[in-house]
Amino acid sequence: MRSLGLVDAPVAHVLCLGAHCDDLEIGCGGTVLSLAGRPTPPAFTWVVFASDATREAEALHSAETLLSGAPNVRILIKKFRDGFLPYEGGPVKEVFEELKGMVSPDLVLTHYREDLHQDHRLISELTWNTFRDHLILEYEIPKYDGDFGVPNVFVPLDESLCRQKIDTILSSFMSQQGKRWFSEDLFRSLLRLRGMECNAPSTYAEAFFCRKLVAAL
């Protein structure tokens, strides 16, 4: 599939939004690594909404690993309760209002709007409510709900980036090791599937949903 070349577009600031401590890594960790590895990497604001003391430490380690190539990084780990974000909507909305005053990103990475996890869906809704004039790409998270859609944006990843992404997830989130879905083959299988769909030369890709895009042709 021919590329539009958006990877070469000027991106000065990326806002990464995840409901839980491993969402960004699973959904768009390879894309983040690719952006952070540019000769002139963008600034990153990395926000996680639900955590506790154990998961906060894991999330900080993971984010710092993925973003190690970027010189300008801000990591915010909030302490909302996992699974209860829609029922704490007011305070969560306040965080978005604070972010709106802090950053004006060129690219926002957030959850898929049709994700069946209530926390994921709220973060996506508030992203669109807050950042109305920005490029937003929605990433996907594999889960029991079986809510995968048909993504329309693909970011090919070479084997090195795939390995870095998967290794970071597996080594950072030790609290998730006992879960049956938390495995290398699951993470790699999704990358392989999306790579097949976009005919990536490397055979691997991450996929996103883009609902609005202004093309300066």
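Q: How do you know that H5 and H6 cross?
A: The axes of helix H5 (residues 159–172) and helix H6 (residues 184–197) come within 10 Å and cross at roughly 145°. Helices here are DSSP runs of H or I with at least four residues, strands are runs of E with at least two, and both are numbered from the N terminus. An axis is a line fitted to C-alpha atoms, for helices over the stretch in contact, and angles run from 0 to 180 degrees between N-to-C directions. This is a predicted model, where local features need pLDDT of at least 70, side-chain atom pairs count only at pLDDT 80 or more, and totals for chains, interfaces and linings use all residues. Residues are numbered from 1 along each chain as its sequence is written, and side-chain values use heavy atoms, leaving out hydrogens and water.

Q: Which residues of H5 and H6 make the contact?
A: H5 brings Glu159, Cys162, Arg163, Lys165, Ile166, Ile169 and Leu170, while H6 brings Glu184, Phe187, Arg188 and Leu191. Contact means heavy atoms within 4.5 Å. By class, this contact has six nonpolar, no polar and five charged residues. Glu184 and Arg188 of H6 belong to the contact, and they count as charged because that class holds Asp, Glu, Lys and Arg; nonpolar covers Ala, Val, Leu, Ile, Met, Phe, Trp, Tyr, Cys and Pro, and the others, Gly among them, are polar.

Q: At what angle do H1 and H2 cross?
A: Their axes cross at roughly 35° and come within 9 Å. Glu25, Gly29, Val32, Leu33 and Ala36 of H1 meet Ala59, Ser62, Ala63 and Leu66 of H2. The classes are six nonpolar, two polar and one charged.

Q: What makes E3 and E6 edge strands?
A: Strand E3 (73–80) and strand E6 (153–157) each pair on one side only. Pairing needs at least two bridges found by DSSP. The seven strands form an open sheet with mixed pairing, in the order E3-E2-E1-E4-E5-E7-E6. Neighbouring strands of the sheet are turned by 25° against each other on average, direction ignored.

Q: Why do strand E1 and strand E2 count as a pair?
A: Strand E1 (residues 13–18) and strand E2 (residues 43–50) have six bridges, in the parallel sense, so they meet the minimum of two. One of the links joins His13 to its bridge partner in E2, Ala43.

Q: Which helices lie across E2 and E3?
A: Helix H2 (residues 53–66) does, running at about 160° to E3. Helix H3 (residues 89–102) lies across E1, E2 and E3, at about 165° to E3.

Q: Why is the space lined by Ile26, Gly27 and others called a cavity?
A: On a 1 Å grid over the protein atoms alone, a cavity is a set of points where a 1.4 Å probe fits but cannot get out, so that is what the name says; a pocket is an open set with protein on both sides within 12 Å along at least five of seven lines, and lining residues have an atom within 4 Å of a point. Three cavities reach 30 Å³ or more. The largest holds about 50 Å³, a volume being the space filled by probe spheres set on points joined across faces, edges and corners. Its lining is Ile26, Gly27, Glu140, Lys165, Leu190, Leu191, Arg194, Ala205, Glu206 and Ala207. Helix H1 (23–36), H6 and strand E7 (204–209) each supply at least two of these residues.

Q: Which element gives the most to the lining of the second largest cavity?
A: H6 does, with four residues. About 40 Å³ of space lies there, lined by Ile26, Pro142, Lys165, Leu186, Phe187, Leu190 and Leu191.
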